[in-house]
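Here is an informal walk through one protein model, picking out a few local features worth a look. Open the structure alongside and follow along.

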Amino acid sequence: MSQHARVVIIGSGSAGLSALREVRHATDDFLIVNDGHWGTTCAESGCMPSKALIEAANAFHRRHDFEAFGISGAEALHIDVPAVMTRMKRMRDGFTKSPRKVPKALGDKAISGRATLLGPNRIEIEGHGEVTADAIILATGSSPVLPGPWKTFGERILTTDTLFTLDDLPKRIAVIGMGAIGVELAQAMARMGIEVAGFDALESVAGMTDPEVAAVLRDAIAAELPLHLGAPAEISEGNAGSLIVKGADGAEFEADAVLAAMGRRPNIAGLGLETLGVPLDDHGMPEVDATTTRIGDLPVFLTGDANAIRPILHEASDEGHIAGRNAVADAPRCYSRRTSMAIAFSAPNAVRVGQSFKDLDGQDILIGSADFATQSRARLAEEAYGMLRVYAEPETGKLLGCEMALPEGEHFAHLFGLAIQSGMSVFDMLAMPFYHPVMEEGLRSALREISKQLPEEDRSDLSDCPEKGHPALD
């Protein structure tokens with residue numbers, strides 16, 4: 001006789017734990033099933049350990065500005081990479097401690113094992129037999145993309161799942177994939193004294209689609225490590241156990257290890273989605289409603305990284321929240337999603353908020369830009385570089401999105417996220433207070449550039465306040 005639960009959650013990452021919280025508000029009749037370690041990609045092998053490395057690398061890199069500030073002695077500094085890795089692991093273990101306690105806290109409601117769908121209301125759990133459910137939440141996460149032929153190179157091919165387990169870093173690393181994760185880690189390792197080269201089939205880095213922003217970011221990264229962009233990388237055996245990585249323009253780099261950073265793939269293989277009776281695309285993915293996380297009209301919800309809609313932690317948490325509530329509701333509710341936001345914690349930060357340049361391609365929009373090479377606060381901080389581009393509707397000036405490569409761009413991202421989600425216009429933003437001197441003053445140049453192209457009416461009292469004509473005051 002099969003076991004029955006009102007809700008079964010498959011996966012214990014950010015989305016699964018968020019769903020669990022909502023389900024428990026409504027019922028004790030649930031099961032959560034997880035294959036592998038209990039925890040989240042972000043805390044275990046993603047955003048948290050990577051930021052520990054980035055912070056250490058940036059702190060050490062800051063020595064290059066000492067002379068400009070009148071500080072001597074930078075040449076005496078050195079970095080202890082094993083000590084950096086030890087600190088990273090200690091902090092990572094602290095972040096993962098709580099999720100790992102879930103199975104013990106839930107007792108027999110938490111099952112370690114692989115779950116496979118048998119239909120819209122049926123699941124087979126390894127070692128436990130069949131379970132039926134009124135609703136099923138699939139939160140199985142994602143795994144690093146790793147081309148099959150590269151597996152023959154063994155442990156010399158690293159992913160984010162293995163990089164953060166090392167006690168020390170190889171002396172020479174090729175990073176293949178210059179998306180957000182690849183750019184972050186390549187630059188951080190270069191700043192720690194590792195010999196690094198970056199490779200990507202694309203010409204842009206960190207997902208920037210605005211050509212002007214992409215060029216500024218690419219030049220900033222290329223100033224710290226060689227980039228070979230525009231052609232797929234090839235790997236072959238070198239001498240004494242090394243690997244030869246060949247990229248665009250025939251350039252070769254001899255590496256002790258390769259970090260494969262070509263994104264992550266939803267963990268849906270073998271999950272049994274074909275038993276649901278809905279169409280699947282070429283990747284085996286069903287269509288998912290982003291406002292409900294529901295698959296078709298079934299009581300099955302595909303959420304977090306597993307649906308590949310917005311594979312970022314805060315979005316996974318939101319989707320788990322949506323799925324958890326809808327799984328116990330009489331009828332699924334459509335939820336309004338937050339303004340999209342993506343940040344790569346490189347230097348400068350690479351940021352997209354709202355609609356990207358690519359999203360708006362072909363549409364009639366106004367664009368305002370700001371070059372931070374002359375921004376006063378950035379100059380004081382020895383960070384005078386970067387580009388900001390803002391997109392707005394013609395006639396109304398309503399903010400649509402932005403892309404930027406800026407120092408402190410992570411903070412600009414939240415400012416723009418708030419503005420776009422609130423439906424603000426260029427005029428509304430120009431009427432906001434700007435303290436002096438702060439980095440945020442720099443964005444007024446972009447906003448003013450757009451405002452000059454808009455009708456005069458309906459402007460707020462202070463949105464027309466112009467530049468003073470003195471760089472130190474603007």
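## A hairpin, a helix, a pocket and some odd backbone

Strands β4 and β5 make a hairpin, with 2 residues sitting between them. Before going further, keep in mind that this is a predicted model. The two strands, β4 at residues 115–119 and β5 at residues 122–125, run antiparallel and are joined by 4 bridges. If you want a spot to start tracing the pairing, try A115, which stands opposite I125 in β5.

**Helix α12**

Next up is helix α12, residues 409–421. Its 13 residues should span 18 Å at 1.5 Å a residue, and the C-alpha atoms at its ends are indeed 18 Å apart, so the two figures agree. Which residues of α12 are buried? They are G409, F412, A413, F416, G417, A419 and I420. These buried residues cover an arc of only 165° around the axis, so they lie on the same side of α12. The background is simple: an α-helix has 3.6 residues a turn, so residues three or four places apart point the same way. Turn to the face of α12 that points away from the buried side and you'll find the exposed residues H414 and L418.

**The second largest pocket**

Now for some empty space. The second largest pocket holds about 650 Å³. It is lined by 25 residues, and those closest to its centre are N58, R191, A347, E383 and Y385. Which helix gives the most to this lining? That would be α3, with 6 residues. Both α3 (47–61) and α9 (211–222) supply at least two lining residues each. Sorted by class, the lining of this pocket has 10 nonpolar, 5 polar and 10 charged residues.

**Backbone oddities**

A347 comes up again here, as one of the residues closest to the centre of that pocket and as the residue before a cis peptide bond to P348. A quick reminder of what to expect: most residues other than glycine have a negative phi, and most peptide bonds are trans. The model has some departures from that pattern, including these:

| Site | Feature | Angle |
|---|---|---|
| A347 to P348 | cis peptide bond | omega near 5° |
| H436 to P437 | cis peptide bond | omega near -5° |
| A240 | positive phi, not a glycine | phi of about 55° |
| E395 | positive phi, not a glycine | phi near 70° |

Where do these sit? P348 is in the loop between β18 (341–344) and β19 (349–354), while P437 is in the loop between α13 (426–430) and α14 (443–451). A240 is found in the loop between β12 (234–237) and β13 (243–246), and E395 in the loop between β21 (387–392) and β22 (399–406).

Are the two positive-phi residues buried or exposed? A240 has a relative accessible area of 88%, so it counts as exposed, given that the cut-off is over 50%. E395 is exposed too, with a relative accessible area of 62%.

**One more loop residue**

Finally, have a look at T339, in the loop between α10 (313–327) and β18. Buried or exposed, this one? T339 has a relative accessibility of 16%, and because buried means under 20%, T339 counts as buried. For a sense of distance, compare T339 with T293: they are 46 residues apart along the chain, and their C-alpha atoms are separated by 17 Å.

How values were computed. Residues numbered from 1 in each chain as written. Predicted model: local features only at pLDDT ≥ 70, side-chain atom pairs only at ≥ 80, totals over all residues. Heavy atoms only, no water. 1 Å grid on protein atoms, 1.4 Å probe; cavity = no way out; pocket = protein on both sides within 12 Å on 5 of 7 lines; lining within 4 Å. Points joined across faces, edges and corners; volume = space filled by probe spheres on them. Nonpolar A, V, L, I, M, F, W, Y, C, P; charged D, E, K, R; others polar. Pairing = 2+ DSSP bridges. Expected span 1.5 Å × (residues − 1). Buried < 20%, exposed > 50% of the residue type's maximum accessible area, 1.4 Å probe, protein only. Arc of directions from axis to C-beta.
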